[in-house]
Amino acid sequence: MSDIVVVYELEQPVAARAPAAGPPDAERLPRRVHAAPAAPGRPGAAGPRTLCGKDTFAMTKAPPPPSRPGEAWYPAAYASLVCPDCDAVMEI
């Protein structure tokens, strides 16, 4: 399989939690963790679709996980948020 980029599908912003100043994604937490093939010629950038078929345009790239053999493809802190369809493809 080619290079994989981990991306976060973020929660929708909530008006009451929106900060008065700061970046728009400051209060948005990951809602789901997806895997996407790397964009052609750009190994650090996600391609247009995740492995489960969702559009990556509005998703945020996750920090690269440490590459140790046998470790999961997703950040351990977000294990409960992993997309089951992406995870199934990664198991193949």
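Reader: Which residues does Val33 touch, not counting residues up to four places away in sequence?
Author: Bear in mind that this is a predicted model. In it, Val33 touches Val6, Val7, Tyr8, Trp73, Tyr74, Pro75, Tyr78, Leu81, Val82 and Cys83. Several of those names come back in the nonpolar core, including Val6, Tyr8, Trp73 and Tyr74.

Reader: Which residues make up the largest nonpolar core?
Author: There are 11 residues: Val6, Tyr8, Leu10, Val33, Ala35, Ala62, Trp73, Tyr74, Val82, Cys83 and Cys86. Strand 1 and strand 2 each put in at least two of them. The largest share is three residues, and strand 1 supplies it.

Reader: What makes Tyr8 count as buried?
Author: The cut-off for buried is under 20% relative accessible area. Tyr8 comes in at 9%, so Tyr8 counts as buried. Trp73 and Tyr74 are buried too.

Reader: And how do you know that Tyr78 is partly exposed?
Author: Partly exposed covers what falls between buried, under 20%, and exposed, over 50%. Tyr78 has a relative accessible area of 26%, so it goes in the partly exposed group.

Reader: Why is the pair of Tyr8 and Tyr78 called edge-to-face?
Author: Two checks here. Ring centres have to lie within 6.5 Å, and planes over 60 degrees apart count as edge-to-face. For Tyr8 and Tyr78 the centres are 5.2 Å apart and the planes meet at 70°, so the pair passes both. Tyr8 sits in strand 1 and Tyr78 in the loop between strand 4 and helix 1, so this pair ties together parts that are 70 residues apart in sequence.

Reader: What about the rings of Trp73 and Tyr74: why is that pair edge-to-face?
Author: Their centres are 5.2 Å apart and their planes stand at 90°, so the pair is edge-to-face. A search of the whole structure turns up two aromatic pairs.

Reader: How do you know that Glu9 forms a salt bridge with Arg31?
Author: The rule asks for a side-chain nitrogen of Lys or Arg within 4 Å of a carboxyl oxygen of Asp or Glu. The closest N and O atoms of Glu9 and Arg31 are 2.3 Å apart, so the pair qualifies. Glu9 is in strand 1 and Arg31 in strand 2, so the bridge links parts that are 22 residues apart in sequence.

Reader: And what makes Glu9 and Lys54 a salt bridge?
Author: Here the closest N and O atoms are 3.9 Å apart, and with a limit of 4 Å the pair therefore counts. Lys54 lies in the loop between strand 3 and strand 4, so this one connects parts that are 45 residues apart in sequence. The shared partner joins Glu9, Arg31 and Lys54 into one network. By this rule the count is two salt bridges.

Reader: Are the partners in that network buried or exposed, or partly exposed?
Author: It's a mix. Glu9 is at 13% relative accessibility, under the 20% limit, so Glu9 counts as buried. Arg31 at 47% counts as partly exposed, and Lys54 does as well, at 36%.

Reader: In which order do the strands form the open sheet?
Author: Four strands line up as 3-2-1-4, with antiparallel pairing.

Reader: What makes strand 3 and strand 4 edge strands?
Author: Each of them pairs on one side only. Two bridges join strand 1 to strand 4, and at least two are needed for strands to pair, so these two do pair. Along them, Tyr8 stands opposite Thr60 in strand 4.

Notes: Residues numbered from 1 in each chain as written. Predicted model: local features only at pLDDT ≥ 70, side-chain atom pairs only at ≥ 80, totals over all residues. Heavy atoms only, no water. Buried < 20%, exposed > 50% of the residue type's maximum accessible area, 1.4 Å probe, protein only. Core = buried A, V, L, I, M, F, W, Y, C linked by side-chain atoms within 4.5 Å. Contact = heavy atoms within 4.5 Å. Phe/Tyr/Trp six-rings, centres within 6.5 Å; stacked < 30°, edge-to-face > 60°.
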